[in-house]
Amino acid sequence: MRIPKRPTTTLPLAGMASFALALTAMPSLACTGIILTSGDAGVVPARTLEFGFDMDSDVIAVPAGTKITTLALNPDLSGFTYTTKYGFVGLNALNKPVTLDGMNEKGLYFGSFYLPGEAVFGTATPENADHVISSEEVGNWILGNFSSVEELRAALPGLEVVGTNIPQIGGVAPLHYSVVDASGAAIVIEYTAAGLRIFDNTVHVITNSPTYDWHMTNLRNYIGLNPDNSAPISVDGQTLAGFGQGTGMFGLPGDFSPPSRFVRATAFVATTDHGKTSDEAVFRAFHILNTFDIPKGSVREAGKDGTQDFTVWTSAADTKKGVYFFKSYQSQQIESVTVAEALEGLDAVATTPMDRTLSVVNITGDLKNK
């Protein structure tokens, strides 16, 4: 798929109020992220994105050398302008020039995830205006400026991340972030009441609230999970055997809450065969994330007109080969963009829609012709 060019060379973000409003208005985003590593050292971060409505995400390509002007934080305080060092491809939302999920030409992956009730951001002032950025535009800054987790880790303390206040809802876009590079280094970035905290993503999983360290503590409740079926036991001379397959994973939580999804994803990442090649790892990542799909109506706010979360899209990034994959709720057809090819010769920001058409192949004729 070739991304068509669009006639713009800068990304002004001053009109982002409606985007932040939509993010904050959602009761939850039940996103789940995983990282697989194949036998040929291919690193594949993958994730689902859940929302209460279709966010009309487009595929966006931003070439190196693009000037990005950050969000004007209020009428009296403008953001700053930087020029991207690296080009990147990803998915935006609501036709806005903000990358929620994507990968750059160096194989650095970025994903934003909801952290409601925990995220606490700074305040924009004239003193920090030259290095302040709003929470929903962090992806552009990371993908456009860094090639590795090590580089990013060193630069993060010099960035002030703030929340854009939306008077209608009295809140901001409460996000935390997953970053993975082609070497396999992976971190989770959180801004809370404790300030900036950077966690090494040692279990290769991210979900939503509470914070990453809480989830790591909670995992200790599930250390008995095992991919091997439980052996029969004897009780007072009576042999008791489990029913069927999967008894080693008995007690694995199956609901859609962030703690349960974190445990379930960790169990799958830790026990699944990630594949010999990065191609196989991408294939297996999509299969794992299929188990986290939220059907419409199964997660909703109480009340007659309650918002219904559902899996809007799923993505995966082959950081070794530089290929970004995705599928939408409507289509289920996996599409891909080869990052280097998409950026080649691109001198302006480009977008193209995701496939949102359900495609069904009828093979009746094949049977008749046999």
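1. The lining of the largest cavity is made up of eight nonpolar residues, four polar and one charged. Ala, Val, Leu, Ile, Met, Phe, Trp, Tyr, Cys and Pro count as nonpolar, Asp, Glu, Lys and Arg as charged, and the others, Gly among them, as polar. A cavity is a set of points on a 1 Å grid over the protein atoms alone where a 1.4 Å probe fits but cannot get out; lining residues have an atom within 4 Å of a point.

2. This is a predicted model, in which local features need pLDDT of at least 70, side-chain atom pairs count only at pLDDT 80 or more, and totals for chains, interfaces and linings use all residues. Residues are numbered from 1 along each chain as its sequence is written, and side-chain values use heavy atoms, with hydrogens and water left out.

3. The mean pLDDT (the predictor's confidence in each residue, from 0 to 100) of the chain is 87, and 88% of its residues reach 70 or more. Residues 1-9 stay under 50, yet the model has 34 contacts (heavy atoms within 4.5 Å) for them beyond four places in sequence.

4. Ser-112 counts as buried (under 20% relative accessible area, 1.4 Å probe, protein chains only) because its relative accessibility is 7%. Its side chain reaches the backbone oxygen of Leu-100 at 2.9 Å. Leaving aside neighbours within four places in sequence, Ser-112 is in contact with Arg-47, Leu-100, Leu-175, His-176 and Tyr-177.

Conventions
Buried < 20%, exposed > 50% of the residue type's maximum accessible area, 1.4 Å probe, protein only. Polar contact = N/O pair within 3.5 Å; in protein donor to acceptor, adjacent residues only side chain to side chain.
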